[in-house]
Amino acid sequence: MKNRLAFVTALFLLLALLLPSTIRAAGPVITLVQPTPPPAQFIGGMLNRVSISAISTESSITSAEFQLWFGDPAGTHPALRIFAQSPITPGIAKAGATARPDTTAIPAGLPTSAVVSTVVFGTVTAVNATTGEWQIGTPPVFVYERQDGTTAVQGAPTVGSEVRVRAMRTLAPGPILARTITMLGAGMLPAPAPMVERSFLFNGTIQSVQVGMQSAGVKLGGTVWNIGGVPFRIDDANFPAVIDPGIGPGAGLNSLVTVQFTPQLPVTSNTNIALEVFSPQVSSAVSGVLHPDPVISTKPAPMNLPAGSWQQLVIEGIVSAANPNGEWAIGNPPVFVYQSAATIIQGAPMVGTEVRVNATRTLAPGPIVAREIVRLSPTPRIPVPATVSGTFFFNGIVETMGIATWTVGGANFVVNDPNMPAVLQSGLDVGSAVTVEYKFIGPPGPEAALWVAMQRLNVTTGLWTATVTLPVSGVRTGFLFLRATDAQQLVAAVVVPAILSVPPVDSGGGVVTVASTPVVITGLTANAELNVDASGKATFERRLTTSDGKATLRIAQGTRLQTKDGKLLTKLTAAPLAGPPPSPPPNSSVVLAQDFGPDGATFDPPLTVAMTYDPKLPTGAIESKLSLAYWDGANWTRLNSTVDTATRTVTAQISHFTVVGILAELPAPPPTPTPAPTPTPTPTPTPTPAPAPTPTPTPTPVPTPTPTPVAPPETSPPSPPEIGVVVIAAPPITAPPAAMPSPTVVVVIPLPTPVPTPAPAATPIPVPTPAPAIESPTPELTAAPTSAPTPEPAPATDSGLIIGISGTAILLIGLVILYRRRPRNGR
């Protein structure tokens, strides 16, 4: 019984180990239905449909996706290096008219003012000191010293010396003129074919910068600098340009630069980096497998590999399953590899042990066939995902051996990649039969963020479809990536070459022309190339940002761009103001200003302009009341604006180009007060609380001295004295209205009988400023004010009484005068 139980347990364990290898599916199969390949044709500015048939024989398709990738616009060249401008005139050969021209074919489409930069490595086979002619290698490459004597010969090379020559030539067939000839090795060395590396030099001014566009499902090129009217790609994924410090948008545009570049290659061309080149050729045949129903590896091979290549895979991981038919599952999820009759197994690997598998597979979908399975560790471990790395092999005959590239069997292989320099077997020469191990570094593959889901139209036929509208950006080549996933999470992917074209129009008579014109931008960066059709309308929405990042323009698709004269607009510019902005309106300040050009350019519908301001605003400015305004040459005109205080941007619509700025409202300054005249204070007389001015006292009238009576003749009897009454009118007081007029003062003066003395005339007194009463050292007559505005008539008085009182007063005054005039102490 125990033996039977042990046998059943062992059987179940064996089934458990074999189960992962028997439950598997072939995975999805994808066929492109529309557009019909090859290649897939797409038209810019139009609705394009992508349809596929995705089926799986052992499961159902759960999803299908696509994405498009297109390269740079036609005529764009990859920049290798950009540096401060230097002379690139090749000059004249020392040998003069006898110099042999270099007839190497130069690619078409290069800037006419470019020159060929040439580097030659090889052995000197002949030298003519008189003509300055050097022959390098066999068959020889002829290089010449310059007539102006600027060629530098370093190290005294002679025949048999290995040298490096840096030289230039014109695009038209002309002699290779050396700048430097440097000896690398001495002695009588063999002289195989020299290695020649060619690139191109071009001088120009940085005029604009454009970045690639990326959105769901679509990726268009990369960053391109327009230098002297020629586009140069600077961020190639494999060979980005080396840019010297102080050059580029960060340092300002309009820099004079020299560009070293290579000609633009079709996006479908090979970029194969050689890892090793060796003489013994390895068989490209992939052995048949022992398993009757192997799992087919559906991972797509890169496109445009040299025909006849095969793939070498290295798989490392834990064996999760194995069966007697030679099927091995490595890792979890499993990678299936298969034994052939020639497979070598080392170390007795088994389930749970770690192994390394060296395997091969054909480029067409097929099984992974193990050449060797090696156990790395004996200790059983839990399966984890396996690591898979791969390279490619190719057999051929060496046709050319350049410093940078070898041509083998019609395929080009880079041998001096700085990251993966090739191991070159010594003794190889043109005509050698070799095997090349290489990595394919082609155009970038699909990006995870760009996949767009397709819709299922028919379950039976597995038809899936999607639509995409692409910008009109010139003719470009690229790839259409397709992906399908089934219910068992098996994924299949297909890559199809694609071409993006501009919409053709019939210009009459059946002649089809391209209706797209690029707009050159200066001082702005665009998210993709800006083009207009024959009527001046933008073919696709674009967003442009100024070099300082302070302003952004959004041009909607279909916007008509015209000059102020109504002509087709082919350029846009932007720059900060060179000086202070025009004077703002009263109670406002210009926060930021940009000069957009060409001046007067019009846009229908208007552009959307967004400008960013600094958090520090002028004192008193209200952030929510900021607005955009444009300068019309005489005044600022405010635009209907929206302020986003979170992002510190002000947005508005503008229909033409001029100086545009952000205006801030400032509080109006308080009015300057007009000084009021200081009133003359009216002092209040004391002790009377009421403000009654007291007139300046009237001078005390000096009475006419009483004449000394003269005795009459004895014959005349004395006459009694007569009393005369003199009425003196007090001068009128014209003080403030509160002052009352003075009453009439009556003075009684005795008059001598014989000679009557007239009363003195009253002297006019100036109107005084009211002042308190001043005590006089001498008795004076002061008129007491009354409340009546005019004096009332004096009532009738007994004349005798009056005469008596007056006489008494005169007597008292006289006594006082006599008393004061009396001499004192005998003086």
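**Low-confidence ends**

I looked first at residues 1-25, where pLDDT (the predictor's confidence in each residue, from 0 to 100) stays under 50. For this stretch the model has 22 contacts beyond four places in sequence, a contact being heavy atoms within 4.5 Å. I then went to residues 707-797, where pLDDT also stays under 50; here the model has 63 contacts beyond four places in sequence.

This is a predicted model, so I note that local features need pLDDT of at least 70, that side-chain atom pairs count only at pLDDT 80 or more, and that totals for chains, interfaces and linings use all residues. Residues are numbered from 1 along each chain as its sequence is written, and side-chain values use heavy atoms, with hydrogens and water left out.

**Whole chain**

I read a mean pLDDT of 78 for the chain, with 73% of its residues at 70 or more. I find 2 helices and 54 strands; these are DSSP runs numbered from the N terminus (helices H or I, at least four residues; strands E, at least two). Of the 827 residues, 37% are buried, meaning under 20% relative accessible area with a 1.4 Å probe, protein chains only. Among contacts with a separation of 6 or more, 72% are between residues 24 or more positions apart. The chain exposes about 44200 Å², of which carbon and sulfur atoms supply 61%; the areas come from the Shrake-Rupley method with a 1.4 Å probe.

**Four-stranded sheet**

I traced an open sheet of 4 strands in the order 1-3-33-32, with antiparallel pairing; two strands pair if DSSP finds at least two bridges between them. Strand 1 (29-34) and strand 32 (455-458) are its edges, each pairing on one side only. Neighbouring strands of this sheet are turned by 35° against each other on average, direction ignored; axes are lines fitted to C-alpha atoms, and angles run from 0 to 180 degrees between N-to-C directions. Within the sheet, strand 3 (residues 47-55) and strand 33 (residues 463-469) run antiparallel and are joined by 7 bridges. I52 stands opposite W464 in strand 33.

**Six-stranded sheet**

I traced another open sheet, of 6 strands, in the order 39-45-46-52-48-49, with mixed pairing. Its edge strands are strand 39 (520-522) and strand 49 (636-638), each pairing on one side only. The twist averages 25° from one strand to the next. Strand 45 and strand 46 run antiparallel, with 4 bridges between them; A575 has D595 in strand 46 as its bridge partner.

**Cores**

I looked up the largest nonpolar core, a set of buried Ala, Val, Leu, Ile, Met, Phe, Trp, Tyr and Cys residues joined through side-chain atoms within 4.5 Å. It has 36 residues, and L544, L561 and L572 have the most contacts inside it. The strands that each supply at least two residues of this core include strand 45 (571-576), strand 46 (588-597) and strand 47 (602-612). Strand 47 gives the largest share, 4 residues. Another core, of 28 residues, lies apart from it; among its members are L32, V50, A64 and V468.

**Strand 16**

I checked both partners of strand 16. Strand 5 (residues 77-84) runs parallel to strand 16 (residues 230-233), with 2 bridges, and H77 is partnered by F232. Strand 15 (residues 224-227) runs antiparallel to strand 16, with 4 bridges, and I227 is partnered by V230. Strand 15 and strand 16 form a hairpin with 2 residues between them; in the turn, G228 has a positive phi of about 60°.

Key: Buried means under 20% relative accessible area, exposed over 50%, partly exposed in between (1.4 Å probe, protein chains only).
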